[in-house]
Amino acid sequence: MRTTREPPGISNIEGRTSGWLGHNIEMDKSQKRHFRIMTILIFTAVILMAALLGSPSPLIAEESSSQTGMPAPNVQGPVSVTAEDNPNDNGHGILIKLVPPTDDESIIAYEIERGLAPGAPDDQWFQVGTVPRGMTEYVYTDEDPSLQGEPNPAYVASGDPIYLRLRARTASGVTSAWTEPVAAIARGNWFHTGKVNILVATLLFGFGVVYFISRARKGKALYVRPIPGLQAVDEAIGRATEMGKPILYVLGTGTASDIATIAGYTILSRVAKRTAEYQTPILVPVNDPVMLAMGQEVVKEAYVQAGRPDVYRPENVSYVSAMQFPYVAAVNGLMLRDRPATCFYMGVFHAESLLLAEAGSVTGAIQISGTDQISQIPFFVAATDYTLIGEELYAASAYLSQEPDQLGPLKAQDYFKVAIVIIIMLGVLSLTLFHWDGILKLVYSPV
Amino acid sequence: MKRQLPIFIVFITGIIMVIQFFVPHAWSEFLFTYANDFVIVIGILALPLGIFSLMRGTVKKAQRDPKERIFALATIAGFLVMVVAGVSRDNFTSPTSLLQYSFNYILIPCQATLFSMLAFYVASAAYRAFRVRTWLATVLLVTAFILMLRIVPLPGPLSEWVAALVRWILEVPNMAAKRAIIIGVGLGGVAYSMKIILGIERGYMGRD
């Protein structure tokens with residue numbers, strides 16, 4: 001017997017071979033043949049198993065695709081993708097347009113990723129949006145350069161190229177391949193093209209105002225329809241004078257920047273001038289310090305113009321509270337204690353309108369109200385004697401002064417109202433009879 | 001100069017804000033935000049003026065009328081308590097501070113009470129408004145009655161008919177009236193703004 005000192009090899013197989021544990025095994029020819037066949041079979045089996053394990057089943061492939069984002073051969077991504085500066089914005093938006101594949105029934109959405117460079121590896125891309133199926137446009141916008149103190153990677157900087165790519169995703173999570181990256185640069189725009197119709201209307205209205213002012217200055221009489229609420233102003237002031245009681249003037253809970261509040265000041269100026277002439281006290285409680293300063297100036301100037309600055313008492317125009325209901329409580333208390341003969345409510349009003357008007361009604365005062373807040377107009381109509389509805393509040397200064405410069409805009413306003421009514425009627429007819437929505441598109445504005 | 005300068009400032013700022021409306025650029029946005037911030041700053045700077053006015057008016061009332069003294073005292077005491085309670089910054093966040101207690105257990109219940117009174121005022125105003133004096137008032141009364149029927153559980157198809165009628169009232173005649181007012185307010189606002197920018201309207205400065 002020979003020992004196993006010789007290294008095992010093919011040559012050894014001829015006569016003997018080394019066992020697994022180093023034992024020598026004597027083999028005859030048939031054994032050798034069986035050994036060779038078995039070796040080939042085992043080797044083939046191992047290779048086949050390795051091949052099977054290396055190419056996973058369709059189910060495994062689907063899961064893997066959804067997890068890693070690997071493309072599946074049966075899902076098509078967008079046919080084409082373009083990116084450009086989003087128009088009419090502040091320079092932080094990119095408009096993405098995509099053409100979906102012809103068969104997009106299985107697609108649920110398109111994912112948008114942004115990368116640092118066109119050829120950046122996958123781990124340097126991050127999702128910035130999702131476009132639902134059916135939509136072909138998407139605006140990617142992010143105006144915040146920082147996010148909770150940290151730099152915001154999704155920030156769309158104005159003037160820098162932004163790289164984007166898209167892929168389709170099915171409801172089961174299968175995704176298509178990524179499209180080729182597209183680049184776009186966001187820029188701020190200096191004119192909002194969607195507001196051209198507003199600009200044209202504003203310019204036309206401006207020309208109308210100037211035209212009617214010039215006509216009025218030339219002496220052309222402009223008719224203004226009677227407004228009962230304004231006709232009653234003198235009567236209301238006279239009543240308070242006769243009764244020897246004060247007049248209460250409430251400017252509402254708006255701010256000094258509201259047009260209705262400014263209109264309220266204009267009427268206050270006229271009323272204060274009359275009260276100065278008649279020496280009737282006027283009480284103006286306000287809810288805003290800025291409005292206080294304005295109110296004191298308006299009343300003081302009115303008293304100066306009336307030639308009675310000595311009668312003016314600054315404490316009659318007083319600040320009460322910036323909060324809505326404390327303000328109401330204070331004004332109602334003032335009404336019940338001082339019992340004014342006349343109450344004016346001119347400006348912006350909210351839930352306090354009825355609380356004020358009803359308290360005034362309880363005191364027996366004659367009440368004139370005016371507001372542009374549509375939801376409060378019914379309350380004023382129900383609870384006060386006269387109400388200036390919406391635009392009538394703005395018309396008050398023109399109506400009371402009857403100056404040509406004031407009446408011109410009022411007249412232009414009336415003619416424009418007629419024009420709007422005609423446009424509405426044309427729109428209704430064209431849509432109803434001809435199914436043409438051209439006028440609708442003309443007057444539509446994205447604002 | 002004293003009269004012309006404010007009008008000039010209003011004209012310039014008004015024109016800038018009109019242009020800003022048509023410009024979506026970031027600079028335009030900045031200008032708009034800056035102008036709005038300015039309004040807040042002016043409001044804060046004017047606050048001492050308001051407090052001074054409140055205190056002066058309260059004291060003068062108390063001096064003039066003995067019956068007012070108790071109310072004046074309550075006003076001044078309330079003001080001082082809130083000022084003292086709000087001196088420390090922690091009081092704004094601490095739920096057990098005097099400031100928070102005053103807000104939660106005095107101010108908010110008082111405001112809620114006042115707001116609740118609105119329901120009674122609506123009833124009394126409705127009583128006056130719905131008196132059948134003219135045929136217009138009758139239309140108003142009938143319409144209001146139908147609208148109120150909507151929330152009453154009516155039997156059978158009656159409920160559906162009322163619901164359809166109410167929908168029609170709200171969406172057709174009511175909407176038409178609302179739109180008329182909205183159009184008027186919009187045009188009136190533009191006209192009024194133009195008058196202010198062009199210096200035609202000066203009543204808000206106390207001048208004709």
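The following questions and answers concern a predicted model with chains A and B.

User: What ipTM does the model score, and what is the mean pLDDT of chain A?

Analyst: Chain B averages a pLDDT of 90, with 99% of the residues at 70 or above. In chain A, 86% of the residues reach 70 or more. The model scores pTM 0.81 and ipTM 0.90, and the mean pLDDT of chain A is 86.

User: Over which residues at the start of chain A does pLDDT stay under 50, and how many contacts beyond four places in sequence does the model have for them?

Analyst: Where pLDDT is low, the predicted coordinates should not be read in detail. In chain A, pLDDT stays under 50 over residues 1-25, for which the model has 23 contacts beyond four places in sequence. Residues 55-68 of chain A also have a pLDDT below 50, with nine contacts in the model beyond near neighbours in sequence. The stretch asked for is thus residues 1-25 of chain A, with 23 contacts.

User: What share of the contacts in chain A with a separation of 6 or more is made by residues 24 or more positions apart?

Analyst: Chain A has 13 helices and 17 strands, and 45% of its 447 residues count as buried. Its accessible surface comes to about 23200 Å², of which carbon and sulfur atoms hold 61%. Among contacts in chain A with a separation of 6 or more, the share from residues 24 or more positions apart is 65%.

User: Is helix 9 of chain A largely enclosed or open, and which helix of chain B helps to cover its buried residues?

Analyst: Helix 9 of chain A spans residues 352-362, and nine of its 11 residues are buried, so the helix is largely enclosed by the rest of the structure. The buried residues include E352(A), E358(A) and G360(A). Their cover includes strand 12, helix 8, strand 15, strand 16 and helix 10 of chain A. From chain B, the cover includes helix 4 (98-129).

User: Which residue just after helix 9 of chain A takes a positive phi, and what is the angle?

Analyst: Helix 9 of chain A covers residues 352-362. Just after this helix, the residue with a positive phi is G364(A), at about 80 degrees.

User: How far apart are the end C-alpha atoms of residues 415-436 of chain A?

Analyst: An unreviewed UniProt entry places "transmembrane region" at residues 35-54, 196-213 and 415-436 of chain A. In the model, residues 196-213 of chain A are 100% helix, with end C-alpha atoms 26 Å apart. Residues 415-436 of chain A are 91% helix and 0% strand, and their end C-alpha atoms are separated by 26 Å.

User: What percentage of residues 135-156 of chain B is helix?

Analyst: For chain B, an unreviewed UniProt entry gives "transmembrane region" at positions including 70-89 and 135-156. Residues 70-89 of chain B are 80% helix, and their end C-alpha atoms lie 31 Å apart. For residues 135-156 of chain B, the end C-alpha atoms lie 32 Å apart, strand accounts for 0%, and helix accounts for 68%.

User: How many residues apart are R217(A) and D405(A), which meet in a salt bridge?

Analyst: Side chains of opposite charge can pair when their charged atoms come close. The side chains of R217(A) and D405(A) meet at 2.7 Å, N to O. R217(A) lies in helix 4 of chain A and D405(A) in helix 12 of chain A, distant parts of the chain that are 188 residues apart.

User: Which residue of chain A pairs with K60(B) in a salt bridge, and is this partner buried or exposed?

Analyst: K60(B) and E315(A) meet in a salt bridge at 3.8 Å, N to O. K60(B) lies in helix 2 of chain B and E315(A) in the loop between helix 7 and strand 14 of chain A, so the pair joins two chains. K60(B) is partly exposed at 34% relative accessible area. The partner, E315(A), has a relative accessible area of 16% and is buried.

User: Which helix gives the most residues to the nonpolar patch on the surface of chain B?

Analyst: The patch includes M1(B), F8(B), L31(B) and L198(B), and its residues together have about 1000 Å² of accessible area. M1(B) is found in the segment before helix 1 of chain B, and counts as exposed at 74% relative accessibility. With eight residues, the element that gives the most is helix 1 (residues 4-22) of chain B.

Notes: Residues numbered from 1 in each chain as written. Chains lettered and ligands numbered in written order. Heavy atoms only, no water. Patch = residues over 30% accessible without salt bridge, like charges linked within 9 Å, V, L, I, M, F, W, Y side chains within 5 Å. Areas by Shrake-Rupley, 256 points an atom, 1.4 Å probe, with all protein chains shown as cover. Salt bridge = Lys/Arg side-chain N within 4 Å of Asp/Glu carboxyl O. Helix = DSSP H or I, 4+ residues; strand = E, 2+ residues; numbered from the N terminus. Buried < 20%, exposed > 50% of the residue type's maximum accessible area, 1.4 Å probe, protein only. Contact = heavy atoms within 4.5 Å. UniProt positions renumbered as here; feature names shortened; annotations may be inferred. pLDDT = per-residue confidence, 0-100.
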